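Please open the structure in your viewer and keep the selection panel at hand. This tour goes from one selection to the next and says what is to be found at each stop.

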Amino acid sequence: MALLDVQNLSIGYQTAEGLLQAVEGVSFCLQAGQSLGLVGESGCGKTTIGMALMGLLPSNGSITEGHVLLNGQDLRTMDEDALRKVRWKDVAMIFQAAMNALNPVIRVGDQMIEAIVAHQPQVSKDEARRQVEGLYQLVGMPVERIDDFPHQYSGGMKQRAIIAMALANKPKLIIADEPTTALDVIVQDQILQETKNLQRELNLGIIFISHDISIVAEVCQSIGVMYAGQLVEIGTSEQVFYEPRHPYTQALVASFPTLAGERKELKPIPGEPPHLIGKIMGCRFCDRCPRSESQCKLDRPLWQEVDAGHHVLCDHC
Amino acid sequence: MSQQAVIALKQAKRSLWKERLAEDWRVFHSNPLGRIGLTLLIMFGLMAVCSYIPPLIDPMYNPMTGVDPKIMASTGPSVRHWLGTDFMGRDIFAQLLAGARVAFMVGVTAAFMSVVLGTAFGMTAGYMGGVTDTLLMRAADMIMVMPTLLVVLLLAALFGQLNIWTIVLMIALFRWPGVSRVVRAQTLSLKQRPFIDAARVAGASHTRIIFRHIMPNVLPLAFLYMTFRVTSAIVIEAALAFLGFGDPGTVSWGMMLQWVWKTGHMFRAMYWLLPPGLCISLITLSFYMLGRAMDEVLDPRLRDETSAG
Amino acid sequence: MLKFIIKRLAQVVVVLFLILTVLFVLFRLAPGDPVERMVDPEMSVEDAALLIKEFGLDKPILTQYTIYLKNFAMGRFGKSFHYGDPVANIIREKLPNTVLLFTTAVLLSAMVGISWGKIAAWSKGKPKDLALTIASLVTHTLFLPWLALIMMWIFSYQLNWFPLGGMMSTSEESILGLDITWWDQALDIGYHMVLPLTTLFLIHFGSYLLVMRSSMLDTLKEDYIITARAKGLTERDIRNHHAAPNAMLPVVTSVGLSLAFSINGGALTETVFSWPGIGRELVFAVSHNDYPLAQACFLLIATVVLFANVVVDVLYAYLDPRIRY
């Protein structure tokens with residue numbers, strides 16, 4: 001049984017102007033101990049999927065279609081109480097350090113102890129504290145800093161604390177939402193390496209959400225590319241990064257600089273993503289696609305397998 | 001720039017202004033507090049304007065001096081006197097209308113004066129920085145903390161019976177710190193802008209910069225911000241009058257309450273006790289509502305996500 | 001932290017000093033004979049001479065100023081014209097009464113206002129929230145003396161449930177004058193305190209409620225609330241352990257700012273309900289031109305306000321670890 005099985009997931013938000021279809025028909029699978037990177041520009045729906053996997057959609061959002069099977073259990077059918085038990089025990093989230101993810105008036109250690117006690121009520125405070133110390137060591141943070149407040153931590157330390165907190169209840173799936181975006185490159189690199197090590201050590205399943213395809217290519221085994229709420233390409237990192245087939249993926253790869261490899265001119269992608277309210281006909285990328293034809297505007301593109309395990313949402317690939 | 005370009009730019013600016021005003025009005029209008037507050041305020045405004053009418057109909061309706069020859073004591077509502085008369089036979093409704101006029105006078109004047117003072121101090125503090133800034137802001141902090149009513153009371157003790165304008169001035173002297181804070185913040189952010197540097201390079205003196213460049217950008221905000229915090233002036237004047245330290249020649253709602261209280265009619269003449277207090281409370285409420293609605297207009301972050309846009 | 005407190009206290013001393021000086025100047029600028037400000041014209045010549053000596057009213061201005069400051073520091077405020085007693089005694093009698101009423105009122109309004117504000121924020125948009133918000137708006141803007149009179153009319157005059165004012169059934173004017181049957185007296189005072197307390201409460205709880213409500217709503221939008229929810233905590237835990245401690249901070253600030261407003265209200269309440277406190281004495285003193293008493297009452301209130309602000313600042317610093325560490 002797969003750790004995570006997302007089947008034809010569609011998520012919508014109720015807004016003043018109508019239903020905004022943030023995610024449409026997304027399907028993918030994740031085995032235990034595997035990592036998948038979800039890449040796309042802002043507003044493509046990747047964070048929405050991340051939130052849905054935690055059962056944390058805001059009150060105006062809901063899963064309109066499809067299923068999210070975590071260890072065989074469908075998150076869509078669970079009520080709030082059941083979801084609360086799942087959150088942070090079976091699946092945990094790593095937020096951006098730049099966010100105010102840690103409560104400024106509570107000591108960091110206490111916030112972690114809270115996460116432990118909420119899901120393992122039989123554990124005593126002292127035992128929980130020992131576990132927290134272990135977590136600190138795991139992510140390479142000095143144990144003496146447990147009783148500090150979040151504002152006393154540097155950006156890198158905050159990110160490590162957030163990672164440690166996510167690991168508190170030994171979840172099998174971690175959703176990392178842009179975990180290195182606000183950090184400087186050196187710290188970013190350290191965190192990425194440590195994340196890879198932790199994943200191997202603890203056999204974690206990771207969904208790594210980012211807008212930076214080069215980071216994701218480095219850390220994850222598979223990559224899924226999202227555009228305007230749809231999954232347009234998915235495959236192993238080598239396949240997607242070195243042999244991108246969807247025009248959007250190709251443009252994405254071309255627009256990011258890399259230190260290694262040959263020098264090439266950076267090419268930004270002209271245009272804007274489509275407005276996601278109301279029904280959209282045909283391919284969503286066709287307005288910005290160099291290979292589009294008149295047919296693309298009318299027919300929904302096919303989900304094709306172009307290589308072993310490599311799928312693309314396009315008719316011309 | 002060519003003549004046409006200049007004209008086109010001016011037109012573009014004006015239409016942008018109009019669009020923004022329309023947008024602001026829409027936000028304001030969609031807020032129920034704003035609508036209710038505005039309605040109430042208009043009602044009081046009408047009262048104030050109409051306050052000139054009763055004495056013109058018949059001198060017996062003069063709020064201060066108009067005594068009904070047929071009535072010697074406080075009487076209840078009747079056809080001649082819609083809200084009844086006070087203990088001297090004066091018409092209460094006429095007094096109520098006059099009170100509205102006084103409330104607006106006091107409120108608007110006090111607000112105006114505190115805006116003038118607050119803008120002057122705020123701009124100076126923000127622009128000068130350093131010691132001037134610290135001193136002014138410390139002074140502002142201290143003044144803001146003092147209970148205005150009691151201070152004015154003490155001054156009343158020393159200087160004898162106070163005239164309404166003196167009262168207004170004193171209230172303004174204690175209200176400017178609020179304005180100066182906002183103005184100072186604006187000035188500080190304006191100070192960074194390149195056009196100030198340009199002016200200084202062009203040789204403009206500090207005073208000129210303050211008056212010609214900073215003030216026009218700061219005044220609208222200051223006015224808008226303070227005008228709807230006018231309420232405390234009205235309430236303080238009312239409290240002073242209630243305690244017996246108001247201007248004896250002015251008929252304000254607080255003064256009316258003083259008369260009810262001091263003549264011992266407060267439990268016997270509800271038609272006399274209820275209207276003035278109700279008016280003070282309602283006008284305070286309406287200004288508060290307006291202030292909240294204005295906040296939404298001035299600070300877009302406060303706008304409700306569902307109010308279209 | 002200690003340095004912070006000392007700095008603030010030093011500021012208070014400076015401000016007090018300034019206020020004293022301003023008062024000194026004002027007293028002498030005001031029309032009339034400054035000597036008459038301190039010495040009752042109806043006093044006997046010997047008594048007058050004593051006072052003049054005590055306050056150095058026949059000496060040059062600067063000497064007067066130093067004597068004035070010294071007297072303040074030592075609590076010598078002269079003799080009240082109206083009562084004939086030393087002002088210090090009168091204050092000592094009446095101060096506890098004000099403290100009793102005012103502190104109870106502030107604590108009650110704050111506690112209830114804050115906890116209801118929390119509830120209102122949590123049920124935003126629902127009937128409970130609307131009711132609480134509207135109630136706060138309406139009561140907060142009522143004119144205090146008017147509300148006081150109406151309360152008296154309904155509950156004392158018409159229903160006869162509570163006395164028409166005063167602090168005790170006897171004409172005893174200070175809780176320092178309590179004797180044997182302590183419990184009876186306490187009940188008596190409590191009975192007299194209900195109406196003024198309720199009036200003060202009604203006027204003030206609204207602002208605490210509204211500030212806490214809006215502060216909670218802002219706090220609930222913060223990222224760490226999402227984290228808390230992601231951790232699988234119950235809504236109750238999130239509300240009380242994560243949101244409320246953060247939401248409290250702006251409320252503490254607003255308490256400090258609204259203190260002046262509360263004190264005005266306190267003085268008005270005491271006057272209408274004939275509660276024998278410092279506020280009422282100030283009003284009386286001003287109406288009777290009892291300068292020594294008026295000045296002393298005012299100075300006392302000013303001092304209390306300044307110290308209360310220091311307390312608020314210290315409380316804020318204590319609650320917000322970003323300041324403490």
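A crossing of two helices is called right-handed if the near helix is turned clockwise from the far one by less than a right angle, and left-handed if it is turned anticlockwise. Keep in mind throughout that the model is a predicted one.

**First stop: two helices of chain C**

Select α5 (residues 87–122) of chain C together with α12(C), whose axes come within 10 Å and cross at roughly 50°. At that angle α5(C) is oblique to α12(C), because angles that are neither roughly parallel, roughly antiparallel nor roughly perpendicular count as oblique. The crossing in which α5(C) passes α12(C) is right-handed. To see where they meet, show the side chains of C:Val87, C:Ile90 and C:Ile91 in α5(C), and those of C:Pro292, C:Leu293, C:Ala296 and C:Leu300 in α12(C). The residues of this contact comprise seven nonpolar, no polar and no charged ones.

**Second stop: where chain C touches chain B**

Now bring chain B into view, where 30 residues are in contact with 34 residues of chain C. On the side of chain C, at least two residues each come from α1 (2–29), α6 (127–140), α7 (144–158), α10, α11 and α12 (291–319). The helix α12(C), already selected at the previous stop, gives the largest share of this side, with eight residues. If you colour the side of chain C that touches chain B by class, you will find 28 nonpolar and six polar residues, and no charged ones.

**Third stop: a loop in chain C**

Move next to C:Ser274, in the loop that lies between α10 (235–272) and α11 (278–287) of chain C. Its phi is near 55°, a positive value in a residue other than glycine; most residues other than glycine have a negative phi. Is C:Ser274 buried or exposed? C:Ser274 is partly exposed, since 16 other C-beta atoms lie within 10 Å, a count between the limits of 12 for exposed and 20 for buried.

**Last stop: chain A**

Finally, select chain A, which has nine helices and twelve strands. With a radius of gyration of 20 Å, close to the 20 Å given by the globule rule for 317 residues, chain A is as compact as a globular protein of that length. Of those 317 residues, 43% count as buried. Zoom in on A:Lys170, in the loop between α5 (155–166) and β7 (173–177) of chain A, where phi is near 50° and thus positive in a residue other than glycine. A:Lys170 is exposed, because 12 other C-beta atoms lie within 10 Å.

Methods:
Residues are numbered from 1 along each chain as its sequence is written. Chains are lettered from A and ligands numbered from 1 in the order in which they are written. This is a predicted model: local features need pLDDT of at least 70, side-chain atom pairs count only at pLDDT 80 or more; totals for chains, interfaces and linings use all residues. Helices (H or I, at least four residues) and strands (E, at least two) are DSSP runs, numbered from the N terminus. Two residues are in contact if their C-beta atoms, placed from the backbone, lie within 7 Å. Ala, Val, Leu, Ile, Met, Phe, Trp, Tyr, Cys and Pro count as nonpolar, Asp, Glu, Lys and Arg as charged, and the others, Gly among them, as polar. The radius of gyration is taken over C-alpha atoms; the globule rule is 2.2 Å times the number of residues to the power 0.38. Axes are lines fitted to C-alpha atoms, for helices over the stretch in contact, and angles run from 0 to 180 degrees between N-to-C directions. Angles under 35 degrees count as roughly parallel, over 145 as roughly antiparallel, 65 to 115 as roughly perpendicular and the rest as oblique.
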